[in-house]
Amino acid sequence: MKTSKLVLFSFFSIVIGAGYIFWAARVFVPECYTQNDLIRYHLITPDIIKRVPRVSNHWYFLSQTDEGSGLRTNEIIFTNVKESDVDAHIKQLDAWINSYPPRQEMMSVSVEKSNGKLEIRVIRYDMGKEK
């Protein structure tokens with residue numbers, strides 16, 4: 001009887017330990033999701049990224065943490081952007097960032113090509129709590 005309890009205890013300890021390690025390491029895996037993924041959207045997306053003006057009908061979110069520095073970035077990525085509209089959208093997003101009340105937020109706008117199509121990214125940088 002003692003042996004079976006010890007085996008059962010050992011088994012659950014290993015499962016819980018492995019689950020904790022998996023969960024802790026998961027922080028460093030990029031999370032890519034859409035607004036339709038309600039749980040991730042509400043838990044991961046900072047309010048400032050939720051409020052970014054939508055400059056395209058197609059967008060998704062990316063959240064990732066750099067393992068070494070601890071820098072966390074949250075992005076909203078607009079896809080299917082016409083090349084003729086890019087400059088106007090960048091000006092609109094830059095103006096929104098510069099007029100956003102909490103000036104302690106560190107954000108940027110960038111344009112990238114992915115699979116031959118333009119994407120506009122609004123990136124929020126977070127180094128964690130100030131010390």
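This report covers the confidence, the sheet and the salt bridges of one predicted protein model.

The model is predicted, so local features need pLDDT of at least 70 and side-chain atom pairs count only at pLDDT 80 or more, while totals for chains, interfaces and linings use all residues. Residues are numbered from 1 along each chain as its sequence is written, and side-chain values use heavy atoms, with hydrogens and water left out.

**Confidence**

The protein averages a pLDDT of 85 (the predictor's confidence in each residue, from 0 to 100). At least 70 is reached by 89% of the residues. Helix α1 (residues 2–25) has the lowest confidence, with a mean of 80. Strand β3 (residues 72–79) has the highest, at 93. Helices (H or I, at least four residues) and strands (E, at least two) are DSSP runs, numbered from the N terminus.

**The sheet**

An open sheet is built from 5 strands in the order β1-β2-β3-β5-β4, with antiparallel pairing. Two strands pair if DSSP finds at least two bridges between them. The edges are β1 (31–33) and β4 (106–114). Each has a single partner strand, so one side of each lacks a neighbour in the sheet. On average, neighbouring strands are turned by 20° against each other, direction ignored. Axes are lines fitted to C-alpha atoms, for helices over the stretch in contact, and angles run from 0 to 180 degrees between N-to-C directions.

Strand β4 is joined to strand β5 (residues 117–126) by 9 bridges, and the two run antiparallel. Glutamate 112 stands opposite glutamate 119 in β5. Helix α4 (residues 86–99) lies across β3, β4 and β5. Its direction is about 165° to β4. Contact means heavy atoms within 4.5 Å.

**Salt bridges**

The count comes to 7 salt bridges. The rule asks for a side-chain nitrogen of Lys or Arg within 4 Å of a carboxyl oxygen of Asp or Glu. Three of them are tabulated here.

| Arginine | Acidic partner | N to O distance |
|---|---|---|
| Arginine 40 | Aspartate 37 | 3.6 Å |
| Arginine 121 | Glutamate 112 | 3.2 Å |
| Arginine 124 | Aspartate 126 | 3.9 Å |

Salt bridges that share partners join Glu75, Glu112, Glu119 and Arg121 into one network.

Accessibility is given as relative accessible area: buried is under 20%, exposed over 50%, partly exposed in between (1.4 Å probe, protein chains only). Arginine 121 is buried at 13%, and its partner glutamate 112 is partly exposed at 36%. Arginine 124 is buried at 12%, while aspartate 126 is partly exposed at 25%. Arginine 40 is partly exposed at 29%. Aspartate 37 is partly exposed at 28%.
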